[in-house]
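I opened this notebook to keep track of what I looked up, entry by entry. The sequence and the model come first, and my entries follow.

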Amino acid sequence: LDTNGSCLATITGRQFENATIKLKLKILNDYEDNQNWAGILLRKTNATDDFINSGILFYYRNNGQICLYKHGVGDLQTCDTGIIPNKFVDVKIVMNGGNYKVYINGSKTASLDVTDTTYTSGFISLRTNASNSRFDNIVITPL
């Protein structure tokens with residue numbers, strides 16, 4: 001799936017509780033603006049919600065930084081990956097109970113590890129902000 005600018009694409013008709021999500025992600029443009037990002041919104045309450053309404057957002061910035069964000073709070077945790085944005089990044093997210101772990105490029109150690117019990121299940125969306133991005137090989141496996 002290629003996106004152009006800001007985009008929200010939701011898997012409707014199904015909510016997810018505990019799951020492993022794997023995907024490849026690439027930002028295609030480089031405006032040297034750290035507000036350009038692409039990611040996946042997890043466990044949002046309503047299918048039409050955005051990251052400012054509900055859920056936990058994983059996002060990847062143009063500068064190679066990854067973050068877990070919660071609406072109303074802000075970034076829960078960030079990590080500088082040093083990854084060049086115009087290259088594909090392999091992302092693995094494990095949602096188990098209130099824990100969210102994010103693994104990058106096959107690492108055995110989580111780059112992000114956050115516990116937040118606000119959302120136990122919900123909808124999943126692909127989300128971009130001011131970036132042309134490519135999402136590929138998206139697999140969601142319930143635990």
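Entry 1. Is Asp2 buried, partly exposed or exposed? I am working from a predicted model, and in it I find Asp2 partly exposed, because its relative accessible area is 44% and the partly exposed class runs between 20% and 50%.

Entry 2. I then looked for what the side chain of Asp2 meets, and found Arg134 in a salt bridge with a computed N to O distance of 2.6 Å. I noted that this pair links distant parts of the chain, since Asp2 belongs to strand S1 and Arg134 to strand S12 (residues 133-142), 132 residues apart. For Arg134 I read a relative accessibility of 28%, so I entered Arg134 as partly exposed.

Entry 3. To place S1 and S12, I looked up the sheet, which is open and made of six strands in the order S1-S12-S3-S8-S9-S10, with antiparallel pairing. I marked S1 (2-3) and S10 (112-115) as the edge strands, each of which pairs on one side only. At the S10 end, I found that four bridges join S10 to the antiparallel strand S9 (residues 99-104), and that Val102 has Leu112 in S10 as its bridge partner.

Entry 4. How many salt bridges does a search of the whole structure find? I recorded five, and apart from the pair already described I wrote up the two that follow.

Entry 5. The side chains of Asp90 and Lys24 form a salt bridge at 2.7 Å, N to O. I noted that Asp90 sits in strand S8 (residues 89-96) and Lys24 in strand S3 (residues 19-27), so that distant parts of the chain, 66 residues apart, are linked by this pair. I listed Asp90 as partly exposed because its relative accessible area is 33%, and Lys24 as partly exposed because its value is 26%.

Entry 6. For Asp50 and Arg127 I found a side-chain salt bridge of 2.8 Å, N to O. This pair again links distant parts of the chain, with Asp50 in the loop between strand S4 (37-44) and strand S5 (56-61), and Arg127 in strand S11 (residues 122-129), 77 residues apart. Why did I enter Asp50 as buried? The relative accessible area of Asp50 is 17%, and buried means under 20%; Arg127, with a relative accessible area of 9%, is therefore buried as well.

Technical notes
Residues are numbered from 1 along each chain as its sequence is written. This is a predicted model: local features need pLDDT of at least 70, side-chain atom pairs count only at pLDDT 80 or more; totals for chains, interfaces and linings use all residues. Side-chain values use heavy atoms; hydrogens and water are left out. Two strands pair if DSSP finds at least two bridges between them. Helices (H or I, at least four residues) and strands (E, at least two) are DSSP runs, numbered from the N terminus. A salt bridge is a side-chain nitrogen of Lys or Arg within 4 Å of a carboxyl oxygen of Asp or Glu. Buried means under 20% relative accessible area, exposed over 50%, partly exposed in between (1.4 Å probe, protein chains only).
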